[in-house]
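Open your viewer and keep the selection box handy. We will go from stop to stop, and at each one I will tell you what to select and what is there.

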Amino acid sequence: MADHKNKAHNKQAAALAKLAARRPACFGLPTTSQSQQRCFEPFTFCVLGDPQVGFGADGVEEDGARLAAAVRRARELVGATGALLVAGDLTDAWLPAEVRALYAAFSSWPAGVPVFAALGNHDVVQTEGDPLAVYAQLANYPQYYAALHRGCRFLCLDSNALRAGAAAAEAHLQWLAEQSSGRAKPPRHSFALMHHPPFEHDPDEGSNSWNVPPDVRPRLLRLLADAGVRDILCGHRHVTLVREVQVITSDGGAVTLRIWIVGGTAKLLPGGDVDFWCLRAFSVTETGVEQTVVKLEGEHFTL
């Protein structure tokens, strides 16, 4: 029995390694040192909702084609100096066909233009082995991390941990608390990227499958505000929505946080602010951040 399990494990490991060998060079954190990214310069970044290749009703191939078209549109918008953010759920279940379609969609994205991804619930659905290890191998991102780009900071969170009970949430919130301390010069702008939005409709709503639980939510929002975040970028909901919430920081100041939820490229659900496939583009300047909803058009985006 042990020998059979070892053979099965080795077979799975070999299959994962073969898939990962085709991983696009743009996946993972940039190799440029953070010290080279501290000086602010204006740029544009785009946010894609869940690619979740394999979730769409019209099959993996069409999911991949929509994603590829969205990635091409984002590439046009961000140019050589911007970035692309993906709000989690890269595939539906990391099946080989899904992974191949995901990789193909990003195959032409230049390695020098960063792609930051947050961990989604479908990114850790492996039933065998360590789901986070599989994610690290196939997607090449940590569970959560902070990254700098052109003088701005992106806090890429694991909203699964915030929903996984007191111990996991506390460890993540402690890490987040550390992001607002010990910085002699804060970034020009800070953004949070996370899969589940803090809330869907109301800051005081109860716990459901779409949000961060209410026992974690107020502290999360305060810590994000303390870290200088004013814009929270999310997916998961498969609709495009914007929400605002007033938060009191630890020093007693009042700030407004904007929660930008964006629908993905596999499936759209009803209830959004718009009824078309889209991504969000953010123009970042010295004095502020301007958001635009960019409609995705073409043969793959008919409803």
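**Stop one: the nonpolar cores**

This model is predicted, and our tour begins with its largest nonpolar core, a set of 63 residues in which Phe45 and Phe106 have the most contacts. Select helix H2, residues 60–78, next: this helix gives the most to that core, with seven residues.

Now centre the view on phenylalanine 45. Which residues is phenylalanine 45 in contact with, leaving aside its neighbours within four places in sequence? Show Val78, Ala83, Leu85, Phe154, Phe191 and Leu233, and then add Arg280, Ala281, Phe282 and Val284 to complete the list. A second core, separate from this one, has 29 residues, and Leu155, Leu173, Val212 and Leu221 are among them.

**Stop two: strands S1 and S2**

Select residues 43–48 for strand S1 together with S2; the two strands run parallel and are joined by four bridges. To see the pairing at one position, pick valine 47, which stands opposite leucine 85 in S2.

Then turn S2, residues 83–86, so that you can look at each face. Ala83 and Leu85 are buried on one side, Leu84 and Val86 are buried on the other, and both faces of the strand are thus covered.

**Stop three: a glycine in the loop**

Move to glycine 82, in the loop between H2 and S2. Is glycine 82 buried or exposed? Glycine 82 has a relative accessible area of 0%, and because buried means under 20%, this residue counts as buried.

Show what glycine 82 touches beyond four places in sequence: Phe43, Thr44, Val113, Pro114 and His149. For valine 113, draw a C-alpha to C-alpha distance from glycine 82: the two residues are 31 apart in sequence and 6.5 Å apart in space.

**Stop four: the hairpin of S4 and S5**

Select strand S4, residues 145–149, where four of the five residues are buried. Add strand S5, residues 152–156, which runs antiparallel to S4 and is joined to it by five bridges. Tyrosine 145 stands opposite cysteine 156 in S5. Two residues lie between the strands of this hairpin, and in it arginine 150 takes a positive phi near 50°.

**Stop five: helices H7 and H6**

Select helix H7, residues 217–226, and colour its buried residues: Arg217, Leu220, Leu221, Leu223, Leu224 and Ala225. What covers these buried residues? The cover includes helix H5 (159–162) and H6, along with strands S6 (190–193), S7 (229–234), S8 (241–248) and S9 (254–261). Just after H7, look for glycine 228, which takes a positive phi of about 90°.

From there, select helix H6, residues 166–178, and pick out alanine 166. Alanine 166 has a relative accessible area of 66%, and since exposed means over 50%, this residue counts as exposed. Its C-alpha atom is separated by 16 Å from that of proline 198, which is 32 residues away along the chain.

**Last stop: the second largest pocket**

Finish at the second largest pocket, which holds about 150 Å³ of space. Its lining has 13 residues, and those nearest the centre are Asp58, Arg66, Ala266, Trp277 and Thr302. Colour the lining by class and you will find five nonpolar, three polar and five charged residues.

Technical notes: Residues numbered from 1 in each chain as written. Predicted model: local features only at pLDDT ≥ 70, side-chain atom pairs only at ≥ 80, totals over all residues. Heavy atoms only, no water. Core = buried A, V, L, I, M, F, W, Y, C linked by side-chain atoms within 4.5 Å. Buried < 20%, exposed > 50% of the residue type's maximum accessible area, 1.4 Å probe, protein only. Contact = heavy atoms within 4.5 Å. 1 Å grid on protein atoms, 1.4 Å probe; cavity = no way out; pocket = protein on both sides within 12 Å on 5 of 7 lines; lining within 4 Å. Points joined across faces, edges and corners; volume = space filled by probe spheres on them. Nonpolar A, V, L, I, M, F, W, Y, C, P; charged D, E, K, R; others polar. Pairing = 2+ DSSP bridges.
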